[in-house]
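Visitor: I am new to this structure. Please show me how to read it, one feature at a time.

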Amino acid sequence: MKVAFTSDNIAGASESVWQAMMEASQGDAMPYGSDEYTTQVTRMLSELFECEVDVFMVSTGTAANVLSISAMTPVWGSVLCHKESHLLCDESTAPEFYTGGARFVGIGGADAKMDPALLERVINQKVGDVHSCQPSAVSISQVTEVGSVYSLEEIHAVTGVAKAAGLPVHMDGARFANALLALGCTPAQMTWKAGVDIVSFGATKNGTMSAEAIVVFNKALAKDLAFRRKRGGHLLSKMRLLSSQMIAYLTDELWRTNAEQANAMMALMQAGLQTVPGITINTPAQANMLFCTLPEGMADYLLAEGFAFYTGRWEKGVVRLVTSFRTPKEGVEAFVESARQFAQQQGL
Ligand SMILES: *Cc1c(COP(=O)(O)O)cnc(C)c1O
């Protein structure tokens, strides 16, 4: 069986999500979020996060990120994020567009996690200098772009530096559920209890069709978000069809079941690849994404065998493997087996 490990968004949506959309599609409902489904999403997310949250549904992760951050920074501000972050590398100029031209500054740190000491240094440069942009917000990704996960201590270290300077913190949770299961903590512990003010609560990669939620813990930041979302073209008129996806995602812990499958398949993949001669694990996978370096010729061999994954975008031999809620065990086993076969043929 040949499987693709290209990304988790190559999978479709869970059946119960489609079912929920079909049911919500019956009859009439008030538009633009003035419907009972949207109210229910806020209730369910408040329960999940154990506090009263403000929720703004949007249809892409990019919109969730840039709208969240637009509520945090003046146009002369700078937003500090990791230099390999999705915000900086994969959202075109949406960050500048939505913030009205704020500066996004990349901070270093191992495994795509921001180094708190570097962050502190950049934050304290040129404060009050009218010639320089002024640090105004911090954004971290959980799961990170290389498949690592910030521990709770590491989140606290970053938010501690931000808070000391009075800066709000955003979390890009495109893979929120995968990270949460990796840490084994509660949603509250990974967010507001750790100093996060807004999270982009991702659901699309883990089972919905197109539903992402901006979840705001800091009331002051929610004040203008409804206007920003409308201005940015993300106030859906048939909002209930978006909200019904999120309801299905939160019902019976579908988010957990789906992320468990994705993470378990990656754990299986990693354990298998570790025993194949010639393969180097670059960043140990904690959730559902793995970067590793394959010996010469192996990537081409696996691609010719019919497997799919991204390669050629990084240093020579580096590939990215991502599992999803739909990844079958047999597919992972077949992949590892093919890698082993190649290594044997090559006498590695
Ligand atoms: C996929 C992803 C997003 C959201 O991307 P969209 O394509 O806009 O939905 C945001 N952040 C990270 C880290 C992602 O992997």
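Visitor: Where does the ligand sit?

Guide: This is a predicted model. In it, the ligand sits in the largest pocket.

Visitor: Which residues are around the ligand?

Guide: Look for residues with a heavy atom within 4 Å of the ligand. Here they include Thr 60, Gly 61, Thr 62, Asn 65 and His 86. Also among them are Glu 91, Glu 145, Asp 172, Ala 174, Arg 175 and Lys 205.

Visitor: Which helix gives the most to the shell around the ligand?

Guide: Helix H3 does, with three residues. This helix covers residues 61–70.

Visitor: How do I find polar contacts with the ligand?

Guide: Look for pairs of N or O atoms within 3.5 Å. At Gly 61, a polar backbone atom is 2.9 Å from an oxygen atom of the ligand. Side chains take part too. An N or O atom in the side chain of Arg 175 is 3.0 Å from a ligand oxygen atom. For His 86, a side-chain N or O atom is 3.4 Å from a nitrogen atom of the ligand.

Visitor: How much of the ligand does the protein bury?

Guide: Start with the ligand alone, which exposes 390 Å². The protein buries 78% of that.

Visitor: Now take Gln 270. Is Gln 270 buried or exposed?

Guide: Buried means under 20% relative accessible area. Gln 270 has 11%, so it is buried. Gln 270 is found in helix H13, residues 254–274.

Visitor: Which residues is Gln 270 in contact with, leaving aside neighbours within four places in sequence?

Guide: Gln 270 is in contact with Ile 281, Thr 283, Pro 284, Ala 285 and Leu 290.

Definitions and conventions: Residues are numbered from 1 along each chain as its sequence is written. This is a predicted model: local features need pLDDT of at least 70, side-chain atom pairs count only at pLDDT 80 or more; totals for chains, interfaces and linings use all residues. Side-chain values use heavy atoms; hydrogens and water are left out. Helices (H or I, at least four residues) and strands (E, at least two) are DSSP runs, numbered from the N terminus. Buried means under 20% relative accessible area, exposed over 50%, partly exposed in between (1.4 Å probe, protein chains only). Contact means heavy atoms within 4.5 Å. A polar contact is a pair of N or O atoms within 3.5 Å; within protein, one must be able to donate a hydrogen and the other to accept it, and residues adjacent in sequence count only if both atoms are side-chain atoms. Accessible areas come from the Shrake-Rupley method with a 1.4 Å probe; for residues, only the protein chains shown count as cover. On a 1 Å grid over the protein atoms alone, a cavity is a set of points where a 1.4 Å probe fits but cannot get out, and a pocket is an open set with protein on both sides within 12 Å along at least five of seven lines; lining residues have an atom within 4 Å of a point. A molecule sits in a cavity or pocket if more than half of its atoms lie within 2 Å of its grid points.
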